[in-house]
Number of protein chains: 2
Amino acid sequence: MDEIDVQILKLLERTGRLSHEEIGKLVHISRPAVHQRVAKLEKNGVIKGYRAIIDWRMLEQKIQVFIFVKVKCQSFQQITAKILNITLENGAILECQRLAGEWCMVLKVRVSSPDDITRFLDELVTFSEVYETSTTFILSTLHENGFSEL
Amino acid sequence: MDEIDVQILKLLERTGRLSHEEIGKLVHISRPAVHQRVAKLEKNGVIKGYRAIIDWRMLEQKIQVFIFVKVKCQSFQQITAKILNITLENGAILECQRLAGEWCMVLKVRVSSPDDITRFLDELVTFSEVYETSTTFILSTLHENGFSEL
DNA sequence: GCTGAAAGCGAAGCGTG
DNA sequence: CACGCTTCGCTTTCAGC
């Protein structure tokens, strides 16, 4: 794991479909060497995968919210699994982070209407482990996934 | 923009490097048709780009925090631009969301040591528009970018 | 369908620790 | 010797028209 590996990671993070040949030119090593390094980085999990970045706001799903949650439970894993299994008709749970501080965790959720959030919260509070939630609407995304809206 | 487009988006969101041929098989249309639809989705910005998902925690940068910020200013854009221009030596600003509610915005930041956060906050509060911040550490990421750690 | 580009694979040679 | 990089060629697959 040297400086060249880090350069490759930064390039692929920005342009996930960059060809090995292009990468080779940019970091000044040969194409097979790039292949070898990328394969290694994928194998050991530094590169977790490749994604297309979709702007769901251009479709029906224009609302994003943070839902802060307090839980009291034996197994954090178990309640998290239950929460992540909640199905959103027109939306998705984008993120679930365990937090230090006042709140135990935060969810980032994308939906198409406030009603979807209501339904989600109703389902969330059926879990006895969940004893408090707080929902904060995202007004606009100024920077995300390496894209700035400025 | 029909159901097939949505299927294609979901496939590419999960597997950013899926070939047109594979997509065609999965959604039951021909390869040129896939080409046409993907090109259209890229052109009109529904597909914003392609990214490799990098696990920076496997390198030096193991800490992620949310920094909530209150600002009072004429131009939100301007102060946001200034904040996003803050350089982090061993880290990055991953996200900047404008919020409804008590806090004006939240930043998600990745760094390698608490000192980096200190430096970042020190720089943040030099801006006269910023009048309050609150930093919350992320203990663990349970779900992000379509990856679950359960 | 055709063409060109790229990935994936292996072989052989080179320099360094 | 082991390791990583390089150059080369080959085949398969894919993108773009």
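This briefing covers the interface, symmetry and strand pairing of a two-chain model. The model is predicted: local features need pLDDT of at least 70, side-chain atom pairs count only at pLDDT 80 or more, and totals for chains, interfaces and linings use all residues. Residues are numbered from 1 along each chain as its sequence is written, chains are lettered from A in the order in which they are written, and side-chain values use heavy atoms, with hydrogens and water left out. Chain A and chain B bury about 5,500 Å² between them, and a turn of 180 degrees lays chain A on chain B.

**Interface extent**

- In chain A, 60 residues are in contact with 60 residues of chain B, contact meaning heavy atoms within 4.5 Å.
- Of the buried area, 58% is on carbon and sulfur atoms; buried area is the accessible area (1.4 Å probe) that two parts lose on being put together, summed over both.
- Arg17(A), Lys48(A) and Arg51(A) lose the most area to chain B in chain A, together 16% of what that side buries.

**Polar and charged pairs across the interface**

- Between chain A and chain B there are 41 residue pairs in polar contact, both residues at pLDDT 80 or more. A polar contact is a pair of N or O atoms within 3.5 Å; within protein, one must be able to donate a hydrogen and the other to accept it, and residues adjacent in sequence count only if both atoms are side-chain atoms.
- β5(A) gives 9 residues, the largest share of the side of chain A that touches chain B. Strands here are DSSP runs (E, at least two residues), numbered from the N terminus.
- That side of chain A divides into 31 nonpolar, 15 polar and 14 charged residues. Ala, Val, Leu, Ile, Met, Phe, Trp, Tyr, Cys and Pro count as nonpolar, Asp, Glu, Lys and Arg as charged, and the others, Gly among them, as polar.
- The interface has 4 salt bridges, each a side-chain nitrogen of Lys or Arg within 4 Å of a carboxyl oxygen of Asp or Glu.
- Lys48(B) forms a salt bridge with Glu149(A), with the closest N and O atoms 3.2 Å apart.

**Symmetry**

- Chain A can be laid on chain B with an RMSD of 0.1 Å by a turn of 180 degrees and a shift of 0.0 Å along the axis; the superposition is by least squares on the C-alpha atoms of residues with pLDDT of at least 70 in both copies.
- The two copies are thus related as by a two-fold rotation axis.
- The C-alpha of Arg51(A) is the nearest to the axis in chain A, 2.7 Å from it.
- The copies meet through the same surface, because 100% of the interface residues of chain A are also interface residues in chain B.

**Strand pairing between chains**

- β1(A) pairs with β1(B) (residues 47–54) in the antiparallel sense over 7 bridges; pairing requires that DSSP finds at least two bridges between the strands.
- Ile54(A) has Ile47(B) as its bridge partner in β1(B).
- β5(A) pairs antiparallel with β3(B) (residues 92–99) over 5 bridges, and Glu95(B) is the bridge partner of Glu144(A).

**Around Glu144(A) and Glu95(B)**

- Glu144(A) also forms a salt bridge with Lys108(A), the closest N and O atoms being 2.7 Å apart.
- Glu144(A) lies in β5(A) and Lys108(A) in β4(A), so the pair ties together parts 36 residues apart in sequence.
- In chain B, β3(B) and β4(B) (residues 105–111) run antiparallel, joined by 6 bridges, and Glu95(B) stands opposite Lys108(B).

Note on methods. Helix = DSSP H or I, 4+ residues; strand = E, 2+ residues; numbered from the N terminus.
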